[in-house]
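This briefing is meant to be read alongside the sequence and the 3D view. Please keep both open while you work through the points below.

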Amino acid sequence: MARFAAAWIALVATVAGCRHVDSYLDPEGPRYAGTAEAPRPDPEPGLRVVSYNVEFSRHVEEAVEALRTREPLREADVLLLQEMNAEAVERIASAMGFHYVYYPATERSGGGFGNAVASRWPIVEDHKVILPHPSPANQERRIAVAATIEAPFGRFAVYSVHSETPWLSLRGRVEQLRSLLDDAHQRYAPLRIPVIVGGDMNTPEARGADLLRDLFRRDGFEHATRDVPNTADYFVARVTLDYVFVRGFEVRRAGAEVTDASDHAALHVLMAPTERR
């Protein structure tokens, strides 16, 4: 109880110092994208996805080092990145030899604050999903970045998402993810395109984790990282904030790598596409 009280006091103190943050509410942008000049050769069969909150892009060189040298991060085919600015996204994509798309949600932290998708294979379509409910602390809006990727085994879609912090009610955060699933259902379900959703979903509450799993399960998603606990530092505790959910893939293994670049671990999931009906 004392640890919870200390965390709550720290959260209130942080919010008390917050000011209004301007958000990008245009669904078309700003948008940054790049094409790989010399993509790396494909690894062994399978799809390797890494979801990584890089903590305001403060230590991007450490993130690059981890992604290029640490097993199994260096075998990634797709990166789902959060808390990014444009320069950091370009740096990581260039180091990995990946295509990328990035949408900032706001202009805080210098150079933007948003989400990105980077891929070994071409990104053929992308869009931004503006999540409902502004932050009660500063009116900031959160987003998800969606991308359709053309892989050797066919097209699939990914979402890199960053939900609001627990300053927004649990119900509000669940509704943010419901809006993402509504977008996925509308865009990809009619085409039977497999979908991966990953990112920082900001649900340290045990009840929140249960609600998320139920929410995604009702839409046919498997919780790929269900056996990966305690993904991030949260004031005085280590809790699970980061998740990967998949639909249309068979999960083979999942894990997390703690790095010097962030207070979040980098989640990694190895999967294979299931046969499409």
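**Charged pairs and nonpolar cores**

Arg 142 has a relative accessibility of 4%, and since buried means under 20% relative accessible area, this residue counts as buried. The model in view is predicted, and within it Arg 142 pairs with Glu 140 in a salt bridge, with 3.2 Å from N to O. Glu 140 is likewise buried, its relative accessible area being 2%. The structure holds 20 salt bridges, and the points below look at some of these pairs before turning to the nonpolar cores.

**A salt bridge between distant parts of the chain**

- Glu 257 and Arg 70 form a salt bridge in which the closest N and O atoms are 2.8 Å apart.
- This pair links distant parts of the chain, because Glu 257 lies in strand 14 (residues 249-257), whereas Arg 70 lies in the loop between helix 2 (60-69) and strand 3 (78-84), and the two are 187 residues apart.
- Glu 257 counts as buried at 19% relative accessibility, while Arg 70, at 29% relative accessibility, counts as partly exposed.

**A salt bridge within one helix, and a network**

- Arg 178 and Asp 182 also form a salt bridge, and their closest N and O atoms are 3.1 Å apart.
- Both residues belong to helix 4 (residues 170-188), and because they are four residues apart there, about one helical turn separates Arg 178 from Asp 182.
- Arg 178 is partly exposed, with a relative accessible area of 25%, and Asp 182 is partly exposed as well, with a relative accessible area of 41%.
- Elsewhere, Arg 48, Asp 77 and Arg 120 are joined into one network by salt bridges that share partners.

**The nonpolar cores**

- The largest nonpolar core has 27 residues, and those that touch the most other members are Val 50, Tyr 52, Leu 67, Leu 79, Leu 81, Met 84 and Ile 92.
- Two or more residues of this core come from each of strand 2 (47-53), helix 2, strand 3, helix 3 (86-96), strand 4 (99-106) and strand 5 (113-119).
- Helix 3 gives the largest share of this core, namely seven residues.
- Leaving aside residues up to four places away in sequence, Leu 81 touches Tyr 52, Val 54, Ile 92, Gly 114, Asn 115, Ala 116 and Ser 160.
- There is also a second, separate core of 26 residues, and among them are Val 78, Leu 80, Leu 267 and Met 271.

Terms used: Residues are numbered from 1 along each chain as its sequence is written. This is a predicted model: local features need pLDDT of at least 70, side-chain atom pairs count only at pLDDT 80 or more; totals for chains, interfaces and linings use all residues. Side-chain values use heavy atoms; hydrogens and water are left out. A salt bridge is a side-chain nitrogen of Lys or Arg within 4 Å of a carboxyl oxygen of Asp or Glu. Buried means under 20% relative accessible area, exposed over 50%, partly exposed in between (1.4 Å probe, protein chains only). A nonpolar core is a set of buried Ala, Val, Leu, Ile, Met, Phe, Trp, Tyr and Cys residues joined through side-chain atoms within 4.5 Å. Contact means heavy atoms within 4.5 Å.
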